[in-house]
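Here is a set of short exercises to work through with the structure in view. Try each task yourself, then compare your steps with the solution.

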Amino acid sequence: MARKTKDPGLGYNSKENAQSVIKDDGSSNVNHINRKRNVNDLYSFFVDISWVHFFLLIILTYTLLNVFFGLIYVAIGIEEITKPKETFFADFLNGFFFSAQTLTTVGYGGIVPKGIASNLVAAFEAMIGLLSFSFITGLLYGRFSKPKASLKFSKNLIIRDFKENKALMFRLMNSRKTVMIEPEIKVTLSVTENDGKGAFKRNFYELKLERDRIMYLPTIWTIVHLIDEESPLFKYSKAEIKNLDARLFLLVNYHEESFSQKVYQIHNYDFDDLLLDVKYVSSSSFDDEGYTVLDHAKLSEVENM
């Protein structure tokens, strides 16, 4: 008999065509409103954003700081750092480049502050530069040292005949070359059903797997849920399962050699990703010298049975 589980944190309430609360990459898909922010959130924000956004923000902030201080040098008198030019733009460029030299503490010596006001501004700017680059160095270390799993999941789920019944399957692998030590997985099925009164409710089931943990994984792991009498999917045909408003929520953890500690990764599947009566193509083979060859491109490849 299928065993329902208590709400695993995803909420019972739902609606027709509700979006998943977890994105495919494992990040949150929840829109937060009226959330109070504080300075402590900055570190998490800069560590979690993509590398492209991270460097774009650094470049933008660096440019704006130099524009700001360049305008200050022009305002107090560009003659306090160098000879004035004929146009405002030329004076601003001198102020901008002097600001860049001061902010980065390079100090070429071609342009130097001569008055009290310009020296005060340059001293203050140098302090901001030192603090800023220390902050960026800390963020870079935090981004590189943050323990993170690097798993790849097959694009599709499959249902196929298996051991006189049928089974739900998907595959995963480590995208790094390291061996996954003691990987363990938990799979929760979420089925959204209409209660007959126009409201939608989620029911959750913890799926029993053929194996939910192994000793180590150097290649690919095929996760198998046997759809037998104890499965919540047993009462449905393959076509009916395909049409369910359902999702699988996965939690995988293992010991990652790169960080020497346990890491976690979340993933989810929509049943729209379900393929029927196919099987996965073998993704590993042997070369002429007898070494195992793992083809990452075949993780999601299937063939007819």
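**Exercise 1. Find the contacts of serine 150.**

Solution. Step 1: set aside the neighbours of serine 150 within four places in sequence, and serine 150 is in contact with Met173, Asn174, Ser175, Arg176, Tyr254 and Gln265. Contact means that heavy atoms lie within 4.5 Å.

Step 2: place the residue. Serine 150 sits in the loop between H4 and strand E2 (151-153). Helices (H or I, at least four residues) and strands (E, at least two) are DSSP runs, numbered from the N terminus.

Step 3: look at the side chains. Those of serine 150 and serine 175 are joined by a polar contact of 2.3 Å. A polar contact is a pair of N or O atoms within 3.5 Å; within protein, one must be able to donate a hydrogen and the other to accept it, and residues adjacent in sequence count only if both atoms are side-chain atoms.

Before you go on, two notes about the source. This is a predicted model, in which local features need pLDDT of at least 70 and side-chain atom pairs count only at pLDDT 80 or more, while totals for chains, interfaces and linings use all residues. Residues are numbered from 1 along each chain as its sequence is written, and side-chain values use heavy atoms, with hydrogens and water left out.

**Exercise 2. Check the length of helix H3 and describe its surroundings.**

Solution. Step 1: the expected span of a helix is 1.5 Å times one less than its number of residues. For the 16 residues of H3 (residues 88-103), that gives 22 Å, and the end C-alpha atoms are 22 Å apart, so the two agree.

Step 2: list the buried residues. In H3 they are Asp91, Phe92, Asn94, Gly95, Phe96, Phe98, Ser99, Ala100, Gln101, Thr102 and Leu103. Buried means under 20% relative accessible area, exposed over 50%, and partly exposed in between (1.4 Å probe, protein chains only).

Step 3: find their partners. These buried residues of H3 pack against helix H2 (51-76) and helix H4 (116-145).

Step 4: step past the end of the helix. Threonine 105 follows H3 and has a positive phi, near 60°.

**Exercise 3. How are the helix pairs H3 with H4 and H2 with H4 oriented?**

Solution. Step 1: the axes of H3 and H4 come within 8 Å and cross at roughly 55°. Axes are lines fitted to C-alpha atoms, for helices over the stretch in contact, and angles run from 0 to 180 degrees between N-to-C directions.

Step 2: name the orientation. Angles under 35 degrees count as roughly parallel, over 145 as roughly antiparallel, 65 to 115 as roughly perpendicular and the rest as oblique. H3 and H4 are therefore oblique to each other.

Step 3: repeat for the other pair. H2 and H4 pack at about 175°, with axes 11 Å apart, so H2 and H4 are roughly antiparallel. Among the H2 residues that meet H4 are Trp51, Phe54 and Phe55.

**Exercise 4. Trace the salt bridges around lysine 238.**

Solution. Step 1: recall the rule. A salt bridge is a side-chain nitrogen of Lys or Arg within 4 Å of a carboxyl oxygen of Asp or Glu. A search of the whole structure finds 10 salt bridges.

Step 2: take one partner. Aspartate 161 and lysine 238 meet in a salt bridge of 2.8 Å, N to O. Aspartate 161 belongs to strand E3 (residues 157-162) and lysine 238 to helix H5 (residues 238-242), so this pair ties together parts 77 residues apart in sequence.

Step 3: take another partner. Lysine 238 also forms a salt bridge with aspartate 277, with the closest N and O atoms 2.5 Å apart. Here helix H5 is linked to the loop between strand E11 (274-276) and strand E12 (278-280), and the two residues are 39 apart.

Step 4: join the pieces. Asp161, Lys238 and Asp277 are linked in a network of salt bridges.

Step 5: compare accessibility. Lysine 238 counts as buried at 17%, whereas aspartate 161 is partly exposed at 44% and aspartate 277 is partly exposed at 36%.
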